[in-house]
Structure formats: structure tokens, C-alpha cells
Amino acid sequence: GIFLYVGSLILKGRIPYLEVWENKGPLVFYINALGQALSGGSRWGVWFLEFLFFFCAGVLGYIVIKRLMGGIPALVGTFIWTIAAGNVLQGGNFSEEYSLLFSFIALFGFWKSLEHPQKNFYTLLVGISLGLNILLRPNNISMQIAAAGAYFILVIISKEWRLFFQRVALMAMGAIAVLAPVVLYFTLQDALMEMINVVLVFNVQYSDGGGLSRILDG
């Protein structure tokens, strides 16, 4: 419900982190704002976006698994993870739900970049998904980290260092293309440092077991 609340405040012109406090990345708030704008302020618009994100993640995951393992494993795997997701998402509208699509985009881009190493777009797509997942929740970037790690392992085997650094640069460019407008927006709203302190500094200290009251006092 907090994401719905922050989204409703955004529609009233409020600035996240500066005028309302929540420790998630900004993208989930603006997804909620968009959903409520589409449905005149009701929950159904957000539900539609949840369904759209989840459906697209399922389709993309099926495509990748089918290409790598075949039709039956793709059907079984997609069925199992979509059914099991209900136990994790607990009703939905969590940042993890939306980040599923970006994680599958990263997996798709990684796979296609190996099939077509001459096409820079696919590696750039991995970087774009990295930036989007950072904006949702910075610790939801395991798929992109795995892709970068796999690129590194492959270059150790192939010795194609130029290709590796090209892929790293493309990933960085994709992420920056997503993050730069957001950084600029919050800078113009005098809310950038608040966003960094809440999304990065607070969450790192809190995850280290610092204790909420001590962190806030600091």
C-alpha cells in the first residue's frame, strides 16, 4: 500500500524522498503513479501494469528457455515459477515483481549477444535492464551481474579482450542512458542527495544490521 500512497502523492505534485519517505528506488513509485493515472486513481490501473509486467516476463522467459532447452522444459519451467511466484509476491505490487521483466530482458539480451556478437544492441539491452533494476531496487541486479561475470569467464577462455571491454562499455552506456535522466530530474528538484541517502546509504546500513533507530539518529 505504501507504493500506492507515494504514487498518489506524485500525481499531486509531491517529490519522493523530499516530501514523502520510502526506501525503495523511484521507479516503483512512478509505476504506481502511472497505474493510478490510467484508472482515475483506482487500484485497477496498477493491477493492469502488474499483469502486463508479469505476463511479458513469462513470455520472455518461455522464449529463452525454449530456445536453450526445448518446448517441454520451457512450459514446465515457466509454469512452476509463475505459480510459485504467488507465494513470494504476497499479493503483488512489490519491486521484485516488476524487476522480473527486467531480469528476463537481461537474460534475453545476454543470450542474443552470444548468438550475434556483432550486434551491439543486445549487450546494450543488458545495460538498459541494469539501469531499470537499479531504479527499482539496487540489490535486484543479480541477473545483470551474472551476465557480466559470464562475459568475463568467456573472455578468459577466448582471450578476446577487445570484445569484453566493448561489452562492458555497452552495458555501462545502457545503464547510464536510463539513470542519467532520473539523476537530472531529482537534481533539479533538489532531491538527489535525499534519494541517494535513502535508497543507497540507508539500505546498506540497515541490511548490515545497524538497527533502524540508530541509523535514523545518525
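Analyst: Let's start with a handy term: contact means heavy atoms within 4.5 Å. And keep in mind that we're looking at a predicted model.

User: Okay, which residues is F29 in contact with, leaving aside its neighbours within four places in sequence?

Analyst: F29 is among the residues with the most contacts inside the largest nonpolar core. Once neighbours within four places in sequence are set aside, the contacts of F29 are F3, V6, G7, I10, P16, Y17, E22 and K24.

User: How many residues does that largest nonpolar core have?

Analyst: Its best-connected members include Y17, Y98, L136 and F186. Helices α1, α2, α3, α5, α6, α8 and α9 each supply at least two residues of this core. Apart from it lies another core, of 8 residues, with F110 and F164 among them. For the largest nonpolar core, the count is 37 residues.

User: Now the outside. Which helix gives the most to the nonpolar patch on the surface?

Analyst: The patch includes L34, W44, F48 and I63, and its residues together have about 1000 Å² of accessible area. Two helices, α2 and α3, each supply at least two residues of the patch. With 8 residues, the one that gives the most is α3.

User: Is W44 buried or exposed?

Analyst: W44 sits in helix α3 and belongs to that nonpolar patch. Exposed means over 50% relative accessible area. W44 has 62%, so it counts as exposed.

User: Which residue does E50 meet in a salt bridge?

Analyst: E50 is in helix α3, and at 5% relative accessibility it counts as buried. Leaving out residues up to four places away in sequence, E50 touches G91, G92, N93, E97 and Y98, among others. Its salt bridge spans 2.7 Å from N to O, and the partner, partly exposed at 33%, is R43.

User: How many residues apart are R137 and E96?

Analyst: The side chains of R137 and E96 meet in a salt bridge, at 2.0 Å from N to O. The pair links distant parts of the chain, with R137 in the loop between α6 and α7 and E96 in helix α5. R137 is partly exposed at 25%, and E96 is partly exposed at 27%. Along the sequence, the two are 41 residues apart.

User: Does anything else point at E96? Which residue's side chain reaches the backbone oxygen of E96?

Analyst: Look in helix α5 for a residue that counts as buried at 5% relative accessibility. Not counting residues up to four places away in sequence, this residue touches N133, L136 and N140. The side chain that reaches the backbone oxygen of E96, at 3.0 Å, belongs to S99.

User: Which residue is linked with K112 and E115 in a network of salt bridges?

Analyst: K112 and E115 both lie in helix α5, about one turn of the helix apart, and their side chains meet in a salt bridge of 3.6 Å, N to O. K112 is buried at 15%, while E115 is partly exposed at 31%. The residue that joins them in the network is R67.

User: One last puzzle: what is the phi of D190 near?

Analyst: D190 is found in the loop between α8 and α9, and at 66% relative accessibility it counts as exposed. K159 is another case with positive phi, near 65°, in the loop between α7 and α8. D190 also has a positive value in a residue other than glycine, and its phi is near 55°.

Technical notes: Residues are numbered from 1 along each chain as its sequence is written. This is a predicted model: local features need pLDDT of at least 70, side-chain atom pairs count only at pLDDT 80 or more; totals for chains, interfaces and linings use all residues. Side-chain values use heavy atoms; hydrogens and water are left out. Helices (H or I, at least four residues) and strands (E, at least two) are DSSP runs, numbered from the N terminus. Buried means under 20% relative accessible area, exposed over 50%, partly exposed in between (1.4 Å probe, protein chains only). A polar contact is a pair of N or O atoms within 3.5 Å; within protein, one must be able to donate a hydrogen and the other to accept it, and residues adjacent in sequence count only if both atoms are side-chain atoms. Patches are made of residues with over 30% relative accessible area and no salt bridge: like charges are joined within 9 Å, nonpolar side chains (Val, Leu, Ile, Met, Phe, Trp, Tyr) within 5 Å. Accessible areas come from the Shrake-Rupley method with a 1.4 Å probe; for residues, only the protein chains shown count as cover. A salt bridge is a side-chain nitrogen of Lys or Arg within 4 Å of a carboxyl oxygen of Asp or Glu. A nonpolar core is a set of buried Ala, Val, Leu, Ile, Met, Phe, Trp, Tyr and Cys residues joined through side-chain atoms within 4.5 Å.
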